Protein chains: 2
Amino acid sequence: MANIQQVAEKAGVSAATVSRVLNNVSSVSSKTRLKVEHAIKELNYEPSMLGRNLRNSESRLLLVLIPSISNPFYTEIIKGIETIAIANHYNILLCATDSNAERDNIYFNMVKNKLADGIISMDPTINRQKLNELAEKHPIILCSEYEEGGSIPYVTIDHKLAAYHAVKHLIKLGNKKIALINSDETYLYARQRREGYERALQEFNLPIRKEWIYHTEHLEFEHGVHAMRRLLQVNERPTAVFAVSDTLAIGALKEINVNGLHVPNDIAVVGFDKITFSNMTNPTLTTVAQPMYKMGCTAANMLINRIKGNQVESIVLDHELVIRESTMG
Amino acid sequence: MANIQQVAEKAGVSAATVSRVLNNVSSVSSKTRLKVEHAIKELNYEPSMLGRNLRNSESRLLLVLIPSISNPFYTEIIKGIETIAIANHYNILLCATDSNAERDNIYFNMVKNKLADGIISMDPTINRQKLNELAEKHPIILCSEYEEGGSIPYVTIDHKLAAYHAVKHLIKLGNKKIALINSDETYLYARQRREGYERALQEFNLPIRKEWIYHTEHLEFEHGVHAMRRLLQVNERPTAVFAVSDTLAIGALKEINVNGLHVPNDIAVVGFDKITFSNMTNPTLTTVAQPMYKMGCTAANMLINRIKGNQVESIVLDHELVIRESTMG
DNA sequence: TTGAAAGCGCTAACAT
DNA sequence: ATGTTAGCGCTTTCAA
């Protein structure tokens with residue numbers, strides 16, 4: 001693979017001139033430009049990013065941290081990030097941390113090492129303290145997950161309000177016994193969604209009963225099945241369930257079905273996230289949609305701004321309740 | 001961020017010695033090593049990959065090309081790739097081409113540019129000619145998708161045999177009218193799976209009827225729904241369906257359900273891929289499992305070998321038929 | 001065992 | 001408008 005020097009020699013100019021042609025910068029006579037372009041073609045030359053990046057001390061690589069690539073929730077967000085990144089001549093490095101602190105370290109080091117210019121983190125299990133330390137010296141944006149009162153800029157939705165809307169929808173349909181399948185409340189979003197659930201119940205003077213609130217350790221399907229199994233054993237069976245993730249909701253759907261009950265006639269179900277599979281279920285799932293693509297775009301724009309040295313403000317985006325068969329069969 | 005020179009000064013040694021300590025190479029007296037290590041800690045020094053990579057003319061980045069991140073089929077493969085990559089001090093750059101030729105170009109250029117050391121491609125829609133050209137000068141491995149008689153090493157399963165096993169399973173259950181929901185036969189795997197389907201039918205003297213073979217343009221759920229709708233309108237309704245992807249099969253499941261028919265009593269269904277959601281459906285889906293994690297590991301090992309300059313051979317891995325409720329309710 | 005020096009490929013400041 | 005020069009941070013000869 002030819003280098004800039006060889007192109008320069010072939011074109012009979014200096015390396016600096018070749019560089020100027022490559023970067024369309026300042027003054028190059030059209031005659032010289034032609035010579036250089038010809039030499040580039042001739043030698044099949046491609047500039048080395050390695051040299052360029054070292055010189056400019058940037059990598060034009062953005063790190064995107066997700067807990068696991070198997071979670072479909074992140075798909076659209078990533079598309080958004082990617083679109084904005086590529087438009088700004090950045091590439092993204094998708095990193096599944098699998099909630100593994102060692103992995104985190106590898107990726108943090110990439111930033112310190114100049115192998116990446118910044119981070120968008122969507123991992124709620126990430127080491128907060130290390131992230132905060134890193135954020136003092138390097139551009140970092142939180143997406144979807146964030147820290148209350150933290151100093152790292154974030155983009156998110158109003159989880160409390162979104163949960164409130166979901167539960168209010170169930171109430172409006174006449175449900176009075178509404179269960180909550182929540183995840184681990186060490187996560188901020190889980191706490192906020194419970195608050196929204198409770199706010200809706202209180203507003204309509206409905207009881208908040210402990211037996212109707214179930215916490216799962218993880219968001220996988222099986223945990224939804226298990227949660228629903230328990231809820232069906234409660235003395236006064238709930239007539240509706242709000243699950244804080246679609247995968248949990250789909251698990252609940254399955255378990256209700258297995259028990260010979262009908263959704264939504266016996267039990268209505270609402271999920272959260274509007275993952276692709278949420279309209280492949282039978283019945284299709286009512287769910288809360290986060291503007292994922294937009295969230296990704298926003299996060300990427302914020303990060304790129306940060307890299308440029310600008311100050312950026314956190315942003316809260318709107319959500320949307322998508323009503324489908326699992327509540328309005 | 002400190003550089004190697006500053007560490008050297010602080011430790012009272014040369015940059016060369018610091019480099020030796022960093023790379024655990026050749027001879028450094030333990031006394032000097034201690035001094036250097038102390039200085040590194042003191043300055044919070046992290047070596048710049050940019051400098052190192054330029055010098056070594058490698059990036060230790062592996063490109064992984066997939067058609068779209070939203071396809072759950074790739075999840076486990078990627079995990080396998082990632083595991084092997086990290087163990088060998090490589091990072092992976094996950095690239096969704098969205099079957100967009102411009103994207104392909106960006107990624108091809110990264111390799112030419114030395115921003116990546118090699119490519120694992122899982123994109124069946126990729127530009128074959130350009131890929132072949134690139135493969136002459138750079139390490140490339142095909143994973144799952146490959147080219148018959150091509151020169152690029154690949155890892156895959158025997159699609160024909162796998163389809164044969166799936167259909168034979170349906171036949172053994174007593175089905176005589178077996179439909180095929182296939183994807184676009186421009187893809188090699190689609191042609192091979194049809195061949196397997198036909199081989200099984202022939203072996204048991206069952207008719208291969210055109211009306212029972214439906215081709216979809218894409219693999220999404222909706223296309224499965226549509227395909228099944230058509231198959232249900234055929235005069236002699238099939239009693240079993242083999243779909244070449246789980247998403248298509250799940251679509252078929254849904255449509256059968258909507259028409260008040262029962263799976264598997266009225267129609268048995270087999271999918272392909274064993275995606276996570278294939279056991280969240282109702283009934284759970286019988287499907288062909290590819291050893292995805294292993295496939296990813298294998299591909300990564302092959303690529304790394306290639307980068308080292310070794311010759312590598314293509315590999316065909318075993319598949320497995322996972323029997324669930326959609327055929328054995 | 002260690003240091004000096006060269007150079008990976010590129011760009012930017014300065015000079016002409 | 002173009003060339004010269006220096007240097008980004010690192011590793012690797014070669015010499016001591």
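A polar contact, as I use the term here, is a pair of N or O atoms within 3.5 Å; within protein, one must be able to donate a hydrogen and the other to accept it. With that in hand, I note that I'm working on a predicted model.

**Entry 1: where the two protein chains meet**

I looked for polar contacts across the interface of chain A and chain B, and the rule finds six residue pairs, both partners at pLDDT 80 or more. Next I checked which parts of chain A supply at least two residues each to the side that touches chain B. The helices on that list are α4 (49-56), α5 (75-87), α6 (101-112), α10 (221-233) and α11 (246-258), and the strand β2 (91-96) is there too. I also sorted the residues on this side of chain A by class: 23 are nonpolar, 17 polar and 11 charged.

Then I asked how many residues are in contact across the two chains. I got 51 from chain A and 51 from chain B. The chains bury about 4,400 Å² between them, and 63% of that is on carbon and sulfur atoms. On the chain A side, L50(A), I69(A) and F277(A) lose the most area to chain B, and together they make up 15% of what that side buries.

**Entry 2: salt bridges**

Over all chains, I count 22 salt bridges in the structure. How many cross the interface of chain A and chain B? The rule finds two there.

I wrote both pairs down. E46(A) pairs with K112(B), with the closest N and O atoms 3.7 Å apart. E46(B) pairs with K112(A), and here the closest N and O atoms are 3.8 Å apart. For this second pair I traced the elements: E46(B) sits in the loop between α3 (30-43) and α4 of chain B, while K112(A) is in helix α6 of chain A.

**Entry 3: DNA strand C**

Now for the DNA. I found 25 residues around DNA strand C, and the closest are I4(A), Y45(A), R55(A), S27(B) and T32(B). Of the strand C atoms that come within 4 Å of the protein, sugar and phosphate account for 63%.

I picked out some individual atom pairs. N3(A) has a polar side-chain atom 3.4 Å from a phosphate oxygen of strand C. S29(B) uses its backbone: a polar atom there is 2.6 Å from a phosphate oxygen of strand C. Which part of the DNA does the side chain of R55(B) sit beside? It's a base nitrogen of strand C, 3.1 Å from an N or O atom of that side chain.

The elements giving two or more residues to this surface are α2 (15-22) and α4 of chain A, plus α2 (15-22) and α4 (49-56) of chain B. The largest share, four residues, comes from α4(A). By class, I have eight nonpolar, 12 polar and five charged residues near strand C.

**Entry 4: DNA strand D**

I repeated the search for DNA strand D and got 26 residues, the closest being S27(A), T32(A), I4(B), Y45(B) and R55(B). Sugar and phosphate make up 61% of the strand D atoms that come within 4 Å of the protein.

Which atoms of S29(A) and R55(A) did I find beside strand D? For S29(A), a backbone N or O atom lies 2.6 Å from a phosphate oxygen. For R55(A), a polar side-chain atom lies 3.1 Å from a base nitrogen. From chain B, I noted S19(B), with a side-chain N or O atom 2.8 Å from a phosphate oxygen of strand D.

Helices α2 and α4 of chain A and α2 and α4 of chain B each supply at least two residues here. The class split near strand D is nine nonpolar, 12 polar and five charged.

**Entry 5: what the record says**

I looked up chain A in UniProt, where the entry is unreviewed. Its annotation "domain: HTH lacI-type" covers residues 2-56 of chain A. In the model that span is 69% helix and 0% strand, with its end C-alpha atoms 21 Å apart. Another annotation in the unreviewed entry, "domain: HTH cro/C1-type", covers residues 5-50 of chain A. That span is 67% helix and 0% strand, and its end C-alpha atoms lie 15 Å apart.

**Entry 6: backbone oddities**

Most residues other than glycine have a negative phi, and most peptide bonds are trans. So I went looking for exceptions. V263(A) and P264(A) are joined by a cis peptide bond, with omega about 5°. P264(A) is in the loop between α11 and β9 (268-272) of chain A. Chain B has a cis bond between V263(B) and P264(B), with omega about 5°.

My last find was R60(B): not a glycine, yet its phi is positive, about 55°. R60(B) is in the loop between α4 and β1 (61-66) of chain B.

Terms used. Residues are numbered from 1 along each chain as its sequence is written. Chains are lettered from A and ligands numbered from 1 in the order in which they are written. This is a predicted model: local features need pLDDT of at least 70, side-chain atom pairs count only at pLDDT 80 or more; totals for chains, interfaces and linings use all residues. Side-chain values use heavy atoms; hydrogens and water are left out. Contact means heavy atoms within 4.5 Å. Buried area is the accessible area (1.4 Å probe) that two parts lose on being put together, summed over both. A salt bridge is a side-chain nitrogen of Lys or Arg within 4 Å of a carboxyl oxygen of Asp or Glu. Ala, Val, Leu, Ile, Met, Phe, Trp, Tyr, Cys and Pro count as nonpolar, Asp, Glu, Lys and Arg as charged, and the others, Gly among them, as polar. A residue is near a molecule or strand if one of its heavy atoms lies within 4 Å of it. UniProt positions are given in the numbering used here, feature names are shortened, and annotations may be inferred rather than shown by experiment.
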